Amino acid sequence: MTTTKMFCTMMLLAVSSGVAQTTAATGSVLGSVMDSNGLPVADAQVSYQLLVPPALSGGRSSSPGVAGTGTSDASGAFLLSRLPAGNYSLCVTVPASAYLDPCVWHYPVQTQVTAGTAATRTIVLTKGVFLKVRVDDPGGLLPQAVDGIWTRRKLVVGVKYGNGAYQGADNTGVDGGGRDYQLIVPAGAPFKLWLYSTDVALNDSSGAAVDTSGSLIPFQTTSGQDQMFTFTVSGPASGAH
């Protein structure tokens, strides 16, 4: 055997050994996503993140380097593979459906992964309702692009509930006439819609001015019924430049 061939053979053996060790040091999660009636939920986006004890992560409780997403099939089944051993948190969203993400409204689902084995986990999702907020902006005073992660918010929309807890709504779209916001909220619960802006003034659907220094508009959700609000930008906020 030539020196070159011997070197290549040794490299292949080393790579194969490394792959085998990596595979042996990892495990997987074989799970399913069901609704509260026991029916499978397809196309659920199951995101995972490795939890690390604070003492090992400089005070942080999770490791952003070990994270990813899997998708459930028609039977609700999903597979998360090649995961380093450890404890994981699982969050679930279902595009275009009003299922509540346990990481938003309850607690992250947790599961333990052991090297060389497949953990099983069933995640049960509860159906909520959509909160949809339309903000007409005839004067184009708000940004003409969807809010990004680092975008300065000229208008903040969300809900307050319980003992002062808060959840923000996502800016889901922008068109020539205004902006849309959306949030999935639990059904059968009282909320207060929260609007805040130091840039624009708003009117409600009746034409009355809205307090944008932190307006709290109470509403009650009902199962199976989306909750919708419409506001109009009436001009710059008092004192805005």
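Here are four short exercises on this predicted model, each with a worked solution.

Residues are numbered from 1 along each chain as its sequence is written, and side-chain values use heavy atoms, with hydrogens and water left out. Local features need pLDDT of at least 70 and side-chain atom pairs count only at pLDDT 80 or more, while totals for chains, interfaces and linings use all residues.

**Exercise 1. The salt bridges**

Find how many salt bridges the structure holds, then look at where the partners of Asp226 and Arg179 sit.

Solution. Start with the rule: a salt bridge is a side-chain nitrogen of Lys or Arg within 4 Å of a carboxyl oxygen of Asp or Glu. By that rule there are 7 salt bridges in the structure.

Next, take Asp226, which pairs with Lys132; their closest N and O atoms are 3.8 Å apart. Asp226 is in the loop between strand E16 (213–220) and strand E17 (227–236) and Lys132 is in strand E8 (residues 129–136), so this pair ties together parts that are 94 residues apart in sequence. (Strands, E, of at least two residues and helices, H or I, of at least four are DSSP runs, numbered from the N terminus.)

Now for Arg179: it bridges to Asp147, with the closest N and O atoms 2.8 Å apart. Since Arg179 lies in strand E12 and Asp147 in the loop between E8 and strand E9 (156–161), the pair ties together parts that are 32 residues apart in sequence.

Last, check burial, where buried means under 20% relative accessible area, exposed over 50%, and partly exposed in between (1.4 Å probe, protein chains only). Arg179 is buried at 2%, and Asp147 is buried at 14%. Asp226 is partly exposed at 37%, as is Lys132 at 32%.

**Exercise 2. A network**

Which residues are linked with Arg134 in a network of salt bridges?

Solution. Begin with one pair: Asp136 and Arg134 form a salt bridge, their closest N and O atoms being 3.0 Å apart. Arg134 is buried, at 19%, whereas Asp136 is partly exposed, at 26%. Then widen the view: the network links Arg134, Asp136, Asp175 and Asp180.

**Exercise 3. Asp35**

What is the nearest side chain of opposite charge to Asp35, and how far away is it?

Solution. First, locate Asp35 in strand E1 (residues 26–35). Then sort the charges: Lys and Arg count as positive, Asp and Glu as negative, and His and the chain ends are not counted. The nearest opposite charge is Lys127, 7.1 Å away, and Asp35 is buried with no salt bridge. Finally, look at the backbone nitrogen of Asn37, which is 2.9 Å from a polar atom of the Asp35 side chain.

**Exercise 4. The largest cavity**

Work out what lines the largest cavity.

Solution. Get the terms straight: on a 1 Å grid over the protein atoms alone, a cavity is a set of points where a 1.4 Å probe fits but cannot get out, and lining residues have an atom within 4 Å of a point. The structure holds 1 cavity of 30 Å³ or more, and the largest has about 40 Å³ of space, a volume being the space filled by probe spheres set on the points.

Among the lining residues are Asp137, Gln144, Asp175 and Arg179. Strand E11 (170–175) and strand E12 (178–185) are the elements that give two or more residues to this lining. To finish, Arg179 links back to the first exercise, as the partner of Asp147 in a salt bridge.

Conventions. 1 Å grid on protein atoms, 1.4 Å probe; cavity = no way out; pocket = protein on both sides within 12 Å on 5 of 7 lines; lining within 4 Å. Polar contact = N/O pair within 3.5 Å; in protein donor to acceptor, adjacent residues only side chain to side chain.
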